[in-house]
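User: I've got a multi-chain model open and I'd like to go through how its chains meet. Can you take me through it?

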Protein chains: 6
Amino acid sequence: MILRIDKLAIDLPAQAENPSPNSASAVQELLGGKFGEMSTLMNYTMQSFNFRGRAKYRPFYDLIANIAAEEFGHIELVSYAINLLLTGTTTRGTDPADTPLESAVDARNHYHFIASGQQALPIDSQGNPWNGTYVFSSGNLKLDLLHNFFLECGARANKIRVYEMVDDPVARHVVGYLLVRGGVHIVAYAKALEALTGVEVGKLLPIPDISNKKFPDAKVHEDRGLHRILYRFSPSDYQQISQIWTGTHPEDGSPLEVVQGPPEGATPPDLEEEPQLTSPLGTDIDPAMFADVAKKLFGAGGAGRGR
Amino acid sequence: MILRIDKLAIDLPAQAENPSPNSASAVQELLGGKFGEMSTLMNYTMQSFNFRGRAKYRPFYDLIANIAAEEFGHIELVSYAINLLLTGTTTRGTDPADTPLESAVDARNHYHFIASGQQALPIDSQGNPWNGTYVFSSGNLKLDLLHNFFLECGARANKIRVYEMVDDPVARHVVGYLLVRGGVHIVAYAKALEALTGVEVGKLLPIPDISNKKFPDAKVHEDRGLHRILYRFSPSDYQQISQIWTGTHPEDGSPLEVVQGPPEGATPPDLEEEPQLTSPLGTDIDPAMFADVAKKLFGAGGAGRGR
Amino acid sequence: MILRIDKLAIDLPAQAENPSPNSASAVQELLGGKFGEMSTLMNYTMQSFNFRGRAKYRPFYDLIANIAAEEFGHIELVSYAINLLLTGTTTRGTDPADTPLESAVDARNHYHFIASGQQALPIDSQGNPWNGTYVFSSGNLKLDLLHNFFLECGARANKIRVYEMVDDPVARHVVGYLLVRGGVHIVAYAKALEALTGVEVGKLLPIPDISNKKFPDAKVHEDRGLHRILYRFSPSDYQQISQIWTGTHPEDGSPLEVVQGPPEGATPPDLEEEPQLTSPLGTDIDPAMFADVAKKLFGAGGAGRGR
Amino acid sequence: MILRIDKLAIDLPAQAENPSPNSASAVQELLGGKFGEMSTLMNYTMQSFNFRGRAKYRPFYDLIANIAAEEFGHIELVSYAINLLLTGTTTRGTDPADTPLESAVDARNHYHFIASGQQALPIDSQGNPWNGTYVFSSGNLKLDLLHNFFLECGARANKIRVYEMVDDPVARHVVGYLLVRGGVHIVAYAKALEALTGVEVGKLLPIPDISNKKFPDAKVHEDRGLHRILYRFSPSDYQQISQIWTGTHPEDGSPLEVVQGPPEGATPPDLEEEPQLTSPLGTDIDPAMFADVAKKLFGAGGAGRGR
Amino acid sequence: MILRIDKLAIDLPAQAENPSPNSASAVQELLGGKFGEMSTLMNYTMQSFNFRGRAKYRPFYDLIANIAAEEFGHIELVSYAINLLLTGTTTRGTDPADTPLESAVDARNHYHFIASGQQALPIDSQGNPWNGTYVFSSGNLKLDLLHNFFLECGARANKIRVYEMVDDPVARHVVGYLLVRGGVHIVAYAKALEALTGVEVGKLLPIPDISNKKFPDAKVHEDRGLHRILYRFSPSDYQQISQIWTGTHPEDGSPLEVVQGPPEGATPPDLEEEPQLTSPLGTDIDPAMFADVAKKLFGAGGAGRGR
Amino acid sequence: MILRIDKLAIDLPAQAENPSPNSASAVQELLGGKFGEMSTLMNYTMQSFNFRGRAKYRPFYDLIANIAAEEFGHIELVSYAINLLLTGTTTRGTDPADTPLESAVDARNHYHFIASGQQALPIDSQGNPWNGTYVFSSGNLKLDLLHNFFLECGARANKIRVYEMVDDPVARHVVGYLLVRGGVHIVAYAKALEALTGVEVGKLLPIPDISNKKFPDAKVHEDRGLHRILYRFSPSDYQQISQIWTGTHPEDGSPLEVVQGPPEGATPPDLEEEPQLTSPLGTDIDPAMFADVAKKLFGAGGAGRGR
């Protein structure tokens with residue numbers, strides 16, 4: 001089971017600097033692509049459900065289950081990045097005759113404007129849906145760890161390239177953070193393989209052959225030491241991650257550290273309505289009627305009274 | 001972000017009574033099918049990320065986000081049910097020449113034995129992968145709620161039918177529980193639509209036209225009142241679910257109640273290794289060598305020392 | 001536009017002799033497979049919408065549009081065959097605890113029992129969905145005709161093989177009829193190519209190299225001359241099919257004939273409800289209540305009064 | 001079975017005002033998207049084939065079967081809209097060396113120019129094929145009706161958004177008409193649910209929360225009362241639709257009416273050939289030879305002699 | 001088995017004249033589309049593996065197997081064309097902060113920049129993956145030959161249209177060559193059908209109705225007689241192709257000829273590295289270290305010493 | 001380009017000992033599954049086309065290109081294994097009324113009997129088609145090599161499990177051989193990574209943790225030293241593979257060796273016709289007529305005269 005926290009791992013503004021539907025389309029690869037965050041989330045989640053022999057291999061189980069938990073926060077962050085890049089790319093308005101979505105006709109991804117209300121979807125940069133063939137769960141521990149190490153390296157390549165395509169600072173802020181946290185997962189799986197086999201897999205890094213420190217939006221987090229921290233995303237479980245996340249970082253030699261609990265996080269931005277998409281409601285809602293119903297049901301304070 | 005708890009919503013034994021690969025295949029529909037738990041999880045998760053105008057519609061946002069959190073526990077439960085049904089369906093052994101997986105040749109789902117180590121995958125009952133086209137997130141609140149109401153009714157139909165196909169008590173225990181909890185989500189979305197429109201959608205229930213109380217493994221939970229409880233799966237957020245989850249249950253008139261926090265839960269069973277699948281490790285692992293490496297890395301206590 | 005007639009092209013009984021879910025699964029290939037009736041229906045339908053230069057090429061346009069109309073009756077027939085093969089394969093009953101769908105666990109196609117109420121779906125024999133990549137509409141008339149000729153030959157191969165797999169007389173009755181009518185379409189496209197190019201494509205027939213007359217359930221229709229008749233499925237349009245459907249049949253030399261209007265047809269069988277699937281309604285429907293509502297809405301005669 | 005009529009539901013010109021491949025790409029969502037007209041057509045068609053217990057539930061069977069028939073006319077209209085938007089977007093010519101399709105390189109959908117002759121395909125706005133997983137046919141009447149009600153509301157959202165993206169008057173003319181006719185289907189399924197359960201589902205409308213009357217190209221049809229008319233698309237069947245299509249319209253209170261027979265309709269436009277795509281024939285066809293063959297086969301009048 | 005030769009069928013320069021990601025995207029249809037070279041390669045390859053009764057039908061077996069071998073050279077050529085069109089479309093550089101891939105944001109195909117290093121992938125012009133449903137292998141010889149004849153005609157239509165979209169001389173050089181060689185395969189399958197049935201299928205040509213000689217980049221090869229040559233791609237097998245590839249060409253009457261062995265071919269161009277994509281390596285590779293390793297492993301000459 | 005040799009890598013009999021459609025279905029995973037031979041073939045083939053900077057990294061280019069060539073022989077072998085397992089599973093005969101394919105109704109894979117003539121298809125064990133998303137070609141050399149190393153390990157896990165499912169000696173003979181040759185590729189990519197990075201990746205082996213020598217049908221080949229041999233599949237190219245394939249085998253320390261040229265190979269078996277499937281021809285072929293045509297075209301010796 002999980003508990004959910006209404007916070008993002010990092011602070012995001014309420015709007016992007018350079019909204020761009022095509023940039024949003026590129027960032028979708030990091031959500032619903034073969035190497036996107038849905039893939040890392042679902043791979044580790046399924047592997048944790050499927051883990052046999054936990055009594056004997058507890059540190060590995062704890063590691064995979066715990067990283068899965070962090071990945072939820074990553075699909076969340078990428079989705080917010082996409083939503084911010086899409087917000088403001090059409091003309092807000094309530095009169096359909098004005099063709100308020102006209103600018104969307106030439107956008108790379110029509111689903112953002114037809115299927116969703118200028119919002120993220122579980123698809124990739126070409127609009128192809130994420131699918132379950134992207135999940136690998138062989139049951140063989142060494143093979144699953146090798147897969148996860150490869151998956152994270154592939155995901156890193158994708159993040160690097162999206163970073164190089166997209167120039168909006170908010171998007172880069174998100175991708176930079178994910179480069180660092182994904183980098184932690186790469187090292188974690190390398191350490192796990194090392195624990196299992198004695199082979200110094202970490203010496204293969206970085207893959208691809210460029211340091212996170214070359215990316216200003218990643219470097220800012222590495223300067224704060226985030227690349228050497230593994231958060232424990234649980235009130236009291238998955239304690240044995242510290243048996244794997246130990247020693248030094250293979251790239252810069254800094255000491256690895258387990259932090260008990262999630263990052264402090266930040267309140268997510270509340271994005272404005274898009275009336276031309278009737279998102280969340282449309283022009284025919286009689287505010288008085290909604291208020292009446294709401295009052296009856298939600299009491300005098302009505303819906304939306306505080307948190 | 002989420003915190004993960006190493007507990008299942010309900011207690012499960014360490015083995016099924018009637019392991020059956022074809023029953024496992026049927027239950028896969030409830031995990032990776034169009035109306036499976038991955039669909040409910042990802043629909044509500046994406047809708048919560050995408051929710052615009054939260055200040056005005058907070059109770060609806062809280063409801064969707066909170067139900068999403070419960071769904072994680074449901075993909076977990078269904079996966080365990082599948083794993084239990086698969087465990088024990090082949091001949092355990094380490095000699096490949098003995099054809100230890102021979103019984104798997106006639107099983108409906110070969111992926112369980114080739115791609116996974118007799119374990120759950122994000123696929124449906126025919127082996128087709130779950131995919132992102134199953135997610136609906138239009139941004140229009142009324143339409144999304146109507147979708148969710150329909151999705152849960154469709155999911156209920158699937159659960160009913162799988163219950164009627166599968167006779168293993170462990171599988172039925174899981175499906176019965178999910179019928180009750182899915183039933184709560186049906187009512188929750190009906191209540192939300194009622195809050196938004198004043199139309200008594202709950203009077204359409206039950207859909208399909210058969211009561212949960214006809215299912216012994218669901219009735220046992222309804223007798224304990226679980227069908228009238230909405231858990232709040234968060235340390236401190238999503239408080240306004242109580243503005244929607246209020247009044248009485250449309251089917252039996254019992255009073256609705258919000259419980260602060262998740263169910264107590266139970267420790268998940270630790271399933272045995274399957275050496276013929278080298279899951280988690282195989283026959284060539286030298287225990288002494290693994291112990292050496294583990295000792296060096298994990299300290300004297302070695303891997304697996306307590307939780 | 002179309003007008004729909006509540007009749008089947010041929011008379012079918014209300015139940016199969018040898019209901020069999022695996023036979024039903026095989027017949028699905030003829031509905032939703034790459035060479036199934038949905039493919040022929042949608043290929044010719046789209047080609048007719050897309051036909052440019054009709055003034056010049058009217059007979060070809062009329063032919064394609066008219067054959068498309070017949071194909072609707074074929075997806076209908078195949079669906080009924082599947083439904084008849086599925087009806088009676090589980091234990092009818094209203095108590096879920098009795099595992100009334102137990103026999104379905106080992107069936108090749110679980111969708112028939114989970115997604116549908118023991119009914120046809122737009123899928124093939126492996127449960128893969130029909131999809132739009134099966135439609136070819138190049139706009140080049142000669143190439144489209146060549147495609148259609150090939151498509152019908154491929155469809156014929158599939159029908160032959162399903163006939164040889166399935167021994168239920170009702171299923172064979174349907175497949176035999178479709179062999180004959182599909183054979184008409186093969187000849188029609190051969191004639192069209194001949195009209196366009198002068199090449200005697202019909203001399204390639206039969207493809208595969210076995211005569212319809214070897215199939216008792218096809219022979220019975222050929223003995224009545226059905227293989228030499230092209231129906232005109234329209235009140236008053238598509239008259240110029242007679243410019244292509246002329247001369248003699250390339251296989252047996254019989255004279256070709258256009259019949260104005262559809263076959264006489266027969267009233268479709270009304271299949272029984274499946275209460276264990278709550279299809280169409282379930283056990284909790286209070287007959288009195290439904291009668292009340294129905295009376296109010298449908299008048300004294302209630303729903304179902306005559307046709 | 002069906003009869004086909006060579007008429008469109010509404011009159012369309014022989015060319016669009018603003019041909020645009022990207023607008024055509026957007027309109028494809030209304031043909032082959034999850035909520036496109038192929039989905040409504042195939043959902044109701046399959047549900048009608050699969051309907052059990054017709055003697056008892058005849059009005060519901062008649063309604064679903066009859067609406068399916070209208071949907072054929074809708075895939076037709078959308079296809080024509082796409083074809084009109086594509087016609088004129090490249091340079092007509094017969095010399096390949098001139099790169100006559102150069103403008104297509106930057107178009108969102110290359111299939112329109114490579115797979116088809118600037119014509120519609122059963123794909124959506126991203127070029128993904130329509131597929132059979134979009135069909136829901138559970139066999140449970142209440143659930144199928146709820147699905148259909150939701151499907152039509154989702155389809156309405158898509159139409160609204162495409163209307164707001166595309167400014168060509170011909171495309172808007174089609175989408176406006178479909179908004180009105182789809183609106184009729186929404187009300188029809190709401191009425192059916194009401195007949196079955198007594199719950200006033202129609203009071204949820206409009207979904208999304210904007211009236212058709214805000215769309216000039218829809219309003220023109222509603223002003224003529226088209227939103228309160230259900231056509232009976234059959235020579236003599238499906239009479240009992242009048243037991244459900246009765247009373248008043250839930251949005252404007254106008255009286256509902258069944259019209260016996262289809263709309264009068266209009267002759268479809270005959271779009272010009274595209275020689276650069278050899279659609280329908282190419283530059284090497286010797287007109288004399290084609291005339292010879294045609295004369296031999298079609299008689300003195302030749303092909304294309306009147307209708 | 002195969003032997004591989006490090007040569008291309010034709011000579012290609014080391015860079016395109018007009019690099020263009022959208023042209024590359026169009027050319028992808030000829031690699032991974034339904035009618036692309038992967039389809040021809042895999043269709044004939046599988047048919048050759050599956051060929052029953054070779055003793056009786058040896059010339060047909062030899063023909064199919066031998067054409068399959070040529071198709072490998074065609075997926076190779078198309079891939080090089082794509083790679084050349086993509087090379088030079090972004091700003092080469094090693095600093096991610098400079099957004100070196102910025103120009104890729106508006107490209108039709110993001111996979112080229114995220115999944116690959118500006119290189120070909122087994123996808124089509126919309127980014128949809130090639131898949132095995134494109135392979136037809138019925139086992140019936142006449143039907144398989146008819147399929148292959150149709151497939152090649154469809155492939156020809158695609159090549160014609162891509163030629164008309166793309167103006168880069170290198171791309172046209174490749175497509176022109178493929179038009180000629182694909183034309184040989186069309187005639188070969190026509191001859192095979194003629195051998196089997198006596199029907200002069202070749203008289204249907206050209207399909208589509210335009211001669212290769214209208215395409216300057218094809219005409220240049222036909223002027224050299226390449227359209228009348230069938231290469232035997234084997235050291236000593238597949239000799240009986242000469243029993244089918246005999247007589248004259250159906251379009252221009254030139255004598256057909258079997259050439260023993262492959263075309264002479266040309267050394268493939270060596271495309272430059274793309275450092276911004278770390279393709280093949282990135283900025284953190286210490287050249288000294290790589291040299292050290294290379295020296296140790298590859299000896300004094302190091303990697304890359306001649307061929 | 002390639003040259004094709006009409007030989008299999010190993011000798012196969014003309015029939016399996018235990019034909020079994022469900023065993024054939026399992027073996028399909030090794031052909032068209034995510035980790036099947038089509039995946040290895042197409043991954044290395046595309047990576048070789050896409051290799052940038054060959055002058056600098058020639059040994060790596062040669063290695064990938066050369067292994068790709070061997071993989072063609074592996075899709076061939078797996079296809080023959082499938083065909084042998086399918087041959088003899090139905091009743092041969094020419095009278096469709098006898099239901100000669102009756103036994104196929106309960107087979108796991110209907111495509112083998114409907115789409116093909118009891119022959120292999122590019123699909124996996126569930127009948128899902130191989131597709132291009134299984135190809136990874138990032139352009140980054142280290143990442144591609146890591147991928148290939150992982151892919152081969154995953155492929156090995158699949159082979160191990162299919163070996164353990166299928167007891168036919170012919171199938172095991174093929175799978176055993178592929179285990180050995182796939183093992184060579186695992187070591188080759190490990191060596192390549194070592195050459196590039198200095199990390200002893202080979203020490204991770206075996207993955208999964210079981211030796212090939214435990215499989216009798218693999219051991220027989222390892223005893224002959226086949227696990228230490230890399231064949232050079234080219235008349236004169238790819239010479240620099242010897243710079244990587246050098247030193248000793250990481251598992252048993254035996255010396256690695258490059259063999260110039262392919263294995264000697266064996267003539268492929270010629271499988272009997274299946275008349276019930278009209279494969280390759282059917283019952284209506286007039287042998288006299290075919291002989292006439294053949295004589296005319298193929299000369300006095302007729303088709304099939306020697307090789």
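User: How many bridges join S1(E) to strand S1 of chain F, and do they run parallel or antiparallel?

Analyst: Keep in mind that this is a predicted model. Each of the two strands covers residues 2–4 of its own chain. In this pairing, Leu3(E) has Leu3(F) as its bridge partner. The count joining S1(E) to S1(F) is 3 bridges, and the strands run antiparallel.

User: Which relation do chain E and chain F have to each other?

Analyst: Start with the superposition: a turn of 180° with a shift of 0.0 Å along the axis lays chain E on chain F, at an RMSD of 0.0 Å. There's no shift to add to the half turn, so the relation is that of a two-fold axis.

User: Which residue of chain E comes closest to that rotation axis?

Analyst: Going by C-alpha positions, the closest approach from chain E is at 2.0 Å. The residue there is Asn131(E).

User: What percentage of the contact residues of chain E recur in chain F?

Analyst: Chain E puts 102 residues into the contact, and chain F puts in 102 residues too. The same surface serves both copies. The share that recurs is 100%.

User: How much area do chain E and chain F bury between them?

Analyst: Carbon and sulfur atoms account for 57% of the buried area. On the chain E side, Met1(E), Arg4(E) and Arg52(E) lose the most, together 14% of what that side buries. For the pair of chains, the total is about 9000 Å².

User: Which element gives the most to the side of chain E that touches chain F?

Analyst: Several elements give two or more residues to that side, including strand S1 (2–4), helix H2 (37–50) and helix H5 (141–165) of chain E. By class, the side has 51 nonpolar, 33 polar and 18 charged residues. The top contributor gives 18 residues, and that's H3(E).

User: How many salt bridges are there between chain E and chain F?

Analyst: One to look at joins the side chains of Lys56(E) and Glu273(F), at 3.1 Å from N to O. Polar contacts between chain E and chain F come to 62 residue pairs, counting those with both residues at pLDDT 80 or more. The salt bridge count is 6.

User: Moving on to chain F and chain A, how much area is buried there?

Analyst: This contact takes 30 residues from each of chain F and chain A. Carbon and sulfur atoms give 69% of the buried area. In chain F, Lys142(F), Phe150(F) and Leu204(F) lose the most, together 26% of what that side buries. The area buried between the two chains is about 2400 Å².

User: Where does the largest share of the side of chain F that touches chain A come from?

Analyst: The elements giving two or more residues here are helix H5 (141–165) and helix H6 (169–197) of chain F. The side divides into 18 nonpolar, 6 polar and 6 charged residues. The largest share is 10 residues, from H5(F).

User: How many salt bridges does the count give between chain F and chain A?

Analyst: The side chains of Lys142(A) and Asp209(F) meet in one, at 3.2 Å from N to O. Across this interface there are also 12 residue pairs in polar contact, both residues at pLDDT 80 or more. The salt bridge count is 2.

User: And how many Å apart are the nearest C-alpha atoms of chain D and chain F?

Analyst: Chain D and chain F do not touch. No contact joins chain A and chain C either, with their closest C-alpha atoms 15 Å apart. For chain D and chain F, the distance is 15 Å.

Terms used:
Residues numbered from 1 in each chain as written. Chains lettered and ligands numbered in written order. Predicted model: local features only at pLDDT ≥ 70, side-chain atom pairs only at ≥ 80, totals over all residues. Heavy atoms only, no water. Contact = heavy atoms within 4.5 Å. Buried area = accessible area lost by both parts, 1.4 Å probe. Salt bridge = Lys/Arg side-chain N within 4 Å of Asp/Glu carboxyl O. Polar contact = N/O pair within 3.5 Å; in protein donor to acceptor, adjacent residues only side chain to side chain. Helix = DSSP H or I, 4+ residues; strand = E, 2+ residues; numbered from the N terminus. Nonpolar A, V, L, I, M, F, W, Y, C, P; charged D, E, K, R; others polar. Pairing = 2+ DSSP bridges. Least-squares fit on C-alpha atoms with pLDDT ≥ 70 in both.
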